[in-house]
Amino acid sequence: MSYRISLDGTDRTFQGIADAAEYARQLSLELNGSVVKVFDAETGLVIFTAKSRAKIED
């Protein structure tokens, strides 16, 4: 199974779920905690979503 992440009309496809998850987490951090959806590249169905938040230091 391959995984696809789309952003502004640009698609990135990953063969491994771990690589897709890491990229989605990093992308979410860059987008200030926005939800990033990861799709099955063949069916277009959402496989999982990622949402990160910045670690707050005291």
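# Report on the sheet, helix and core of a predicted model

Not counting residues up to four places away in sequence, Ile 47 touches Met 1, Tyr 3, Val 38, Phe 39 and Asp 40. The model described here is predicted. Ile 47 belongs to strand β4 and counts as partly exposed, because its relative accessibility is 34%, which lies between the limits of 20% for buried and 50% for exposed residues. Ile 17 is 30 residues away from Ile 47 in sequence, and their C-alpha atoms are 9.7 Å apart in space.

**Sheet and helix**

Four strands form an open sheet in the order β2-β1-β3-β4, and their pairing is antiparallel. Strands β2 (10-14) and β4 (46-50) each have a single partner strand, so they stand at the edges and one side of each is left without a neighbour in the sheet. From one strand to the next, the twist averages 30°. Strand β3 (residues 36-40) runs antiparallel to β4, and four bridges join the two. Within this pairing, Val 38 is found opposite Phe 48 of β4. Helix α1 (residues 17-30) packs on the sheet, where it touches β1 (3-7), β2, β3 and β4. The direction of helix α1 makes about 20° with that of β1.

**Nonpolar core**

In soluble globular proteins, nonpolar side chains tend to be buried together. Here the largest nonpolar core has nine residues in all: Tyr 3, Ile 5, Phe 14, Ala 20, Ala 24, Leu 27, Val 36, Val 38 and Ala 50. At least two residues of this core come from each of β1, α1 and β3. Helix α1 supplies the largest share, three residues. One of the core residues, Ala 24, is in contact with Ile 5, Val 36, Val 38 and Ala 50 when its neighbours within four places in sequence are left aside.

**Aromatic pair and charge**

The structure holds one aromatic pair. It is formed by Phe 14 and Tyr 23, whose ring centres are 5.3 Å apart and whose planes make 40° with each other, a tilted arrangement. Phe 14 counts as buried because its relative accessibility is 10%, under the limit of 20%. Tyr 23, by contrast, counts as partly exposed, at 22%. Phe 14 is also among the residues of the largest nonpolar core. The ring of Tyr 23 has a further neighbour: Arg 12 lies over its face, at 4.4 Å from the ring centre.

**Loop residues with positive phi**

Two residues other than glycine, Asp 8 and Asn 32, have positive phi values. The table lists their places and values.

| Residue | Loop | Phi | Relative accessibility |
|---|---|---|---|
| Asp 8 | between β1 and β2 | near 50° | 75% |
| Asn 32 | between α1 and β3 | near 55° | 75% |

Asp 8 counts as exposed because its relative accessibility is 75%, over the limit of 50%. Asn 32 is likewise exposed, with a relative accessible area of 75%. The loop that holds Asp 8 joins β1 to β2, whereas the loop of Asn 32 lies between helix α1 and strand β3.

Terms used. Residues are numbered from 1 along each chain as its sequence is written. This is a predicted model: local features need pLDDT of at least 70, side-chain atom pairs count only at pLDDT 80 or more; totals for chains, interfaces and linings use all residues. Side-chain values use heavy atoms; hydrogens and water are left out. Two strands pair if DSSP finds at least two bridges between them. Axes are lines fitted to C-alpha atoms, for helices over the stretch in contact, and angles run from 0 to 180 degrees between N-to-C directions. Contact means heavy atoms within 4.5 Å. A nonpolar core is a set of buried Ala, Val, Leu, Ile, Met, Phe, Trp, Tyr and Cys residues joined through side-chain atoms within 4.5 Å. Buried means under 20% relative accessible area, exposed over 50%, partly exposed in between (1.4 Å probe, protein chains only). Rings of Phe, Tyr and Trp (its six-membered ring) pair if their centres lie within 6.5 Å; planes under 30 degrees apart count as stacked, over 60 as edge-to-face and the rest as tilted. A charge sits over a ring if NZ of Lys or CZ of Arg is within 6 Å of the ring centre and within 35 degrees of the ring normal.
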